[in-house]
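Colleague: I'm new to this one. Can you walk me through it, bit by bit?

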Amino acid sequence: MNRDTKAMKTRQAGRRAARWGIAAAAVLILASASACTSSSSSSTPKTGTSPTSSSSATLAGYPRAQTIYTSGTMYSPPTTWNPFNVGNYATGAQGLIYEPLFLFDPIHNNSYMPWLATSGTWSGSTYTIHVRDNVKWSNGTPLTGADVAYSINLARTNALDPYHANVASVSSATANGNTVTVVFSGAPAYSEFQDFLWEAPIVNQAIWSKVPAAQLITFADNHPVGTGPMLLDTYSATQEAYKLNPGWWGTPQLGLSFKFKYLVDVLNGSNNVELAALSAGQIDWSNNFLPGINQLVSGLGGAGGYGISTFYKNSPYMLSANTAWLEPNTSKAPMSNVNFRKAMAYAINPAQIVSAVYGGIVKAANPTGLLPTLNSYIDSSAVSQYGFSYNPTLAKQYLAKSGYTGQNLTLEVPQGWTDWMAAIQVITSDLQAVGIHVTPTYPQYSARQNDLISGNYDLAIDNNAQLDSSPWSYFQRVYQLPIAAQQTAQLNWERFTSQTDWNLVQQAGTTPLTDTAKLTSIYNQLQSDFLQQLPEIPLWYNGAWFQGNNQYWTNYPSSNSTSNQWTPVMWRNYLGAMTSIYALANLKPAPAPSS
Amino acid sequence: MSIMSGPAKPGSPGPGDATPVGAAPLVAGPVSPAAPATVRRRSDLLYYALHNKKLVFGLGLELLFVLTAIFGPIISPHNLTDYFLSNQPPSAQHWLGTDNLGHDLFAEVTVGMRVSYLVGALGALCAAFVGMVLGFTAGWRGGMVDEFVQMITNVVVMIPALVLLIVIGAYLKTRGVPFEGIFIGLTTWPWVARAVRAQTFTLKQREFVDLARLSGRRAYSIVIRDIAPNMASYLFLVVILLFGASMLLAANFDFLGLGPTTTTSLGNIMNQSTLWSALQLHYWWWFLPPGLLLTGMVAALLIANVGLDEVFNPKLRAQ
Amino acid sequence: MRRYLSRKVLTYLLAFVVGVTIDWGIPHLMPGDPVQLYLSNFSLKPAGYAAMYKMMSQAFGTNLPLWDQYLHYWRGLLTGNWGLSFWDFPAQVSTLIFQALPYTLALLVPAITLSYMLGNRLGAAAARRKVLDNSVLPGGYVLQAMPYPWLALALAFLFGEVWHVFPVSGPYDPGLIPAFSWTFISSLLYHWFLPFFTVFLVSLGGWAIGMRNLVIYELENDSSRYLRALGASERMIRRYAYRNASLPQLSGLALALGVVVGGNIVTEYAFSYPGLGHLIFEAISNEDFFLLQGIFIFIIIGVLVANFIIDIVFVITDPRTRLGMQGGSA
């Protein structure tokens, strides 16, 4: 009996030890793994920057009161800071590190603010850029016109460069000190080149000329050298952190300085997780789509309930960022019949989508589909004459004239886009009510892209038309010709052929931006044609989602702020192209809570 | 992902009979296969069945759920597709409240129960059929045939069902209930096959089988007439467990967004509630009831299963 | 014996080759060209598209004939070069996997082994005492019947939202820099607990029930009766019963650990815990088949190794197996 007890006790002790051992092992594995998979770029001296007084890598974490936490941009671990990898560069690669020549301001009359360029002037088919003086790269060398000319020529010669098409009409770019002369061959494509000026990053010639042409996009660039306000500090699989660049030109020349020392951008989980993080004060600035945010914001009488601010105090709360339209495949019957398209347009009730699906955080679209920032371009007489609205009776009349034989059509949205999946349920029931039989389908994202590119679909919801400085890219998206078997450029997915309108668009593209009279008449004609043909059916504007938590930082961008009416978005093509840097610079620390 | 296995057969476990979680063991052998004994055994069984607390409780509860699934959508005052005020907590008008689009949750949940049951049943039947055919073949033949079937089993176990679902799903514009049921069946049959194979090995060595062989009966007829009936109760238990496992597996797939697109199911409801932040906004009536019901549906099945095992196996009754 | 083993090894090798081949075939089974699918995410004019297509095909090796791609895949597999990820281009697949692996191991290995140990104890105890049996058994079944997603949601709701005891997402507090500091490790543990607890609870029920049934069977076995007749103590009988019952349980444990590397997708998704299961989900949602390929090699190896070990263990420890498996009929 004694032997049994002893044996059992030893076994028990052994088991207990095993349990503790496993727990300890788990902890060790976790800790070492996380430590191993994080990296600190400040530990390698390649960038040549001298570390600031307290090396952040030795802190247990970033001091909360001096750090701003952002989310809503990064959905896969940060691995590349190459600004030419436009789909996947880590948040802030362009904007905080690399900068463009101008910033586009959609909020104040679609103007351009000088950034790395102090001015740009047209003269015939030559464009002269004056590069800003006293700007240094983060490795200490000065920014010169040579870097700018190099960036333009890189886009011109390397087809992998995402801005290759924007400079297609450029024949050469030469630098003379801080002046760059860009010469165009034939008629300059003014609007396309304009997009280059505020979207394309200026890169350091000495560094990038050593990158082989074929590796332009695959080069990871994890020790990036830029002219921007921040430097890359540390990054791991779940976040990246930036620290201030003491030599940034914006402080002495524009008086811009950040009140925070560190910016940490966090990898995003699903939307509900981000909602929790925002409410809990773990995230300050969120650009996530947060279903239910309207309840949190309007909770306390619209005065920013729960300490959360949005750009607008009331519906739609968010700046409109792109146009969500019903995209019919006009190369197929019955979508090829204009009366059928009109029937669909009159049958749908966007107001119900706005309230039931989005809770009012989006806005119903103008029939032309042009975003509110382009309101000055909208031809209201054309809209009142030809514009559509919710009217099922009229819809049935148009349907009767359309030759629709009652066949079943499919309406596809990508699997997992929950708001769209809910929206097309509303749309299909609206269409059903007037007699159009549509089945909603939810293919995987890539399959859906493939369908749209190859024209293998009936109806789809799409939102490729983004914020831009003029209606030009919008109408290019609608009317681009010729139509290829594979529409890989994501233009004219609805496969609509109208040579006259495409000619108008091309005409607008080669008209100098200063010739507003001519441009206005072209765009008015385009709108009138668009409303009468309805190649696309604009329904609502998706928002530039932004929510700010006032617990640690305040004075977020808002429509009625006196000091911060700048774009509140850190997304790619916003942070390093629009005025989000101004938005960040105008944030203030929240007042300490008085007990 | 968790999957429940069939009953562990301690008689001759054998390699490949790795059943991760054993449930009710069934002893082969002690029950005599002779005809008169069988007849007496049936009325015996009925007596024990009606007096077994677990079986009665489990079956009763399950019946309650089934009735709710069948009659719920009929007695519900609202339709699944009607729109009401969003995010209302349970009240007199909406017994389980409403979701973010304003649909009545009671209607949704009862329709979801129907779908879950259908998928579970389809999955179980499909897996049982394929598993039995392959298990019997491998068990009876042994040797290279057995190794071959084992290899197929290993391959099917190896391929994560989720990936297969995605690959196949990419070819389909919509996924319906039959698709999900059959898919689950075709990916969970290995558990059945292994159990059946192990049992067949054991029974194959019994004297009555030798007798049958000596008398010149064909293999297929021996399997169907002699071996299978001795496993009948065991197989029955396996199918019930499969039913429960299929329902849980379907809930897992649905929760990840890979469920039927043509209708709603309990897992789909939980998925939607998560995506629309019901957890963070404290809309507990959206995500708690579906899972609770599913737990109840599967647990009742499992408890009934235990009771049934006791009914079939006198040795367990003594306890 | 040797014949048996060699046949086994052959079968497993064959299964491995088949598994790897199917794994390689996954991107090619999808409708459409994988590179084209990826490029459809970007807006590219024809000239840019052609250049990108060429570059990507070379990067992913899709410009070679199929047979070459297959051989390249094997070579890459054996040398550790598992290709690039689409979703997080141009990160290496192996980097992403090894970043995620520790989280999954730390989550599942303790959960499964602890629930195994505790579950076995509970099950064996329940087999002995009727009182325990009446609570453990139904409890175990209810636990086993709980769908993972629901348990995760319920626990997150109670412990996270209502009582604010544990955080409900992520591996550690955002803003912390991974290091061997107490702040970091405590944050890790806090975030680890709820996902661990979810898996632990569901598995616990299963092991407890399994053990309880097996022990009951063993205790009423002929061999146990014989021992009792010989006058052996209950304790000794229980020890033998426990040992015999552990065998099938052990095989179950080995199999469960074998698939552990696949991660528990649902739990990791529900808690946004960045392990392999979460990575699988991301790969699937973003149709990153090359990443999926890499992960599944892990799973394939894990499952096959576990099965092989089970087979060896049974051959060594269970004489019935040896007799029954060699050649079939008596």
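Modeller: Sure. One definition before we begin: two strands pair if DSSP finds at least two bridges between them. Keep in mind too that this is a predicted model.

Colleague: Okay, so how do strand S16 and S17 of chain A pair, and over how many bridges?

Modeller: Strand S16(A), residues 409-412, pairs with S17(A) in the parallel sense, over four bridges. As an example, A:Glu412 has A:Thr441 in S17(A) as its bridge partner.

Colleague: Which sheet do those strands sit in?

Modeller: An open sheet of six strands in chain A, in the order S15-S19-S14-S18-S16-S17, with mixed pairing.

Colleague: And which are the edge strands?

Modeller: Strand S15(A), residues 363-364, and strand S17(A), residues 438-441. Each of these two pairs on one side only.

Colleague: What does helix H12 of chain A lie across?

Modeller: Helix H12(A), residues 418-434, lies across S16, S17 and strand S18 (459-466) of chain A. Its direction is at about 175 degrees to S17(A).

Colleague: Switching to chain B. How many helices and strands are there?

Modeller: Chain B has 11 helices and zero strands. Reading along the sequence, the pattern is α-α-α-α-α-α-α-α-α-α-α.

Colleague: What share of chain B counts as buried?

Modeller: 59% of its 319 residues. As for contacts in chain B between residues at least 6 apart in sequence, 72% join residues at least 24 apart.

Colleague: How do H4 of chain B and H13 of chain C cross?

Modeller: Helix H4(B), residues 143-158, and helix H13(C), residues 289-317, have axes that come within 9 Å and cross at roughly 140 degrees. That angle makes H4(B) oblique to H13(C). The crossing is right-handed.

Colleague: Which residues make that contact?

Modeller: From H4(B), they are B:Asn154, B:Val157 and B:Met158. H13(C) brings C:Ile299, C:Ile300, C:Val303, C:Leu304 and C:Asn307. By type, six residues of this contact are nonpolar, two are polar and none is charged.

Colleague: What about chains A and C, how many residues does each put into their contact?

Modeller: Chain C gives 55 residues and chain A gives 59. On the chain C side, the elements giving two or more residues are helix H3 (46-60), H5 and helix H8 (182-219). The largest share there, 11 residues, comes from H5(C).

Colleague: And how does the chain C side divide into nonpolar, polar and charged?

Modeller: It has 38 nonpolar residues, 13 polar and four charged.

Colleague: New topic: where are the cis peptide bonds you'd point out?

Modeller: One joins A:Ala333 and A:Pro334, with omega about -5 degrees. A:Pro334 is in the loop between strand S14 (319-328) and helix H8 (338-347) of chain A. In chain C, the peptide bond from C:Phe89 to C:Pro90 is cis, with omega near 0 degrees. C:Pro90 lies in the loop between helix H4 (66-79) and helix H5 (93-128) of that chain.

Colleague: What about backbone angles, what phi does A:Asn109 have?

Modeller: A:Asn109 has a positive phi of about 55 degrees, although it is not a glycine. You'll find A:Asn109 in the loop between strand S3 (102-105) and strand S4 (111-114) of chain A.

Colleague: Is A:Asn109 buried or exposed?

Modeller: Exposed, because A:Asn109 has 8 other C-beta atoms within 10 Å. A:Arg495 also has a positive phi of about 55 degrees without being a glycine. A:Arg495 is partly exposed, with 19 other C-beta atoms within 10 Å.

Note on methods: Residues are numbered from 1 along each chain as its sequence is written. Chains are lettered from A and ligands numbered from 1 in the order in which they are written. This is a predicted model: local features need pLDDT of at least 70, side-chain atom pairs count only at pLDDT 80 or more; totals for chains, interfaces and linings use all residues. A residue is buried if 20 or more other C-beta atoms lie within 10 Å of its own, exposed if 12 or fewer, and partly exposed in between; C-beta atoms are placed from the backbone. Two residues are in contact if their C-beta atoms, placed from the backbone, lie within 7 Å. Axes are lines fitted to C-alpha atoms, for helices over the stretch in contact, and angles run from 0 to 180 degrees between N-to-C directions. Angles under 35 degrees count as roughly parallel, over 145 as roughly antiparallel, 65 to 115 as roughly perpendicular and the rest as oblique. A crossing is left-handed if the near helix is turned anticlockwise from the far one by less than a right angle, and right-handed if clockwise. Ala, Val, Leu, Ile, Met, Phe, Trp, Tyr, Cys and Pro count as nonpolar, Asp, Glu, Lys and Arg as charged, and the others, Gly among them, as polar.
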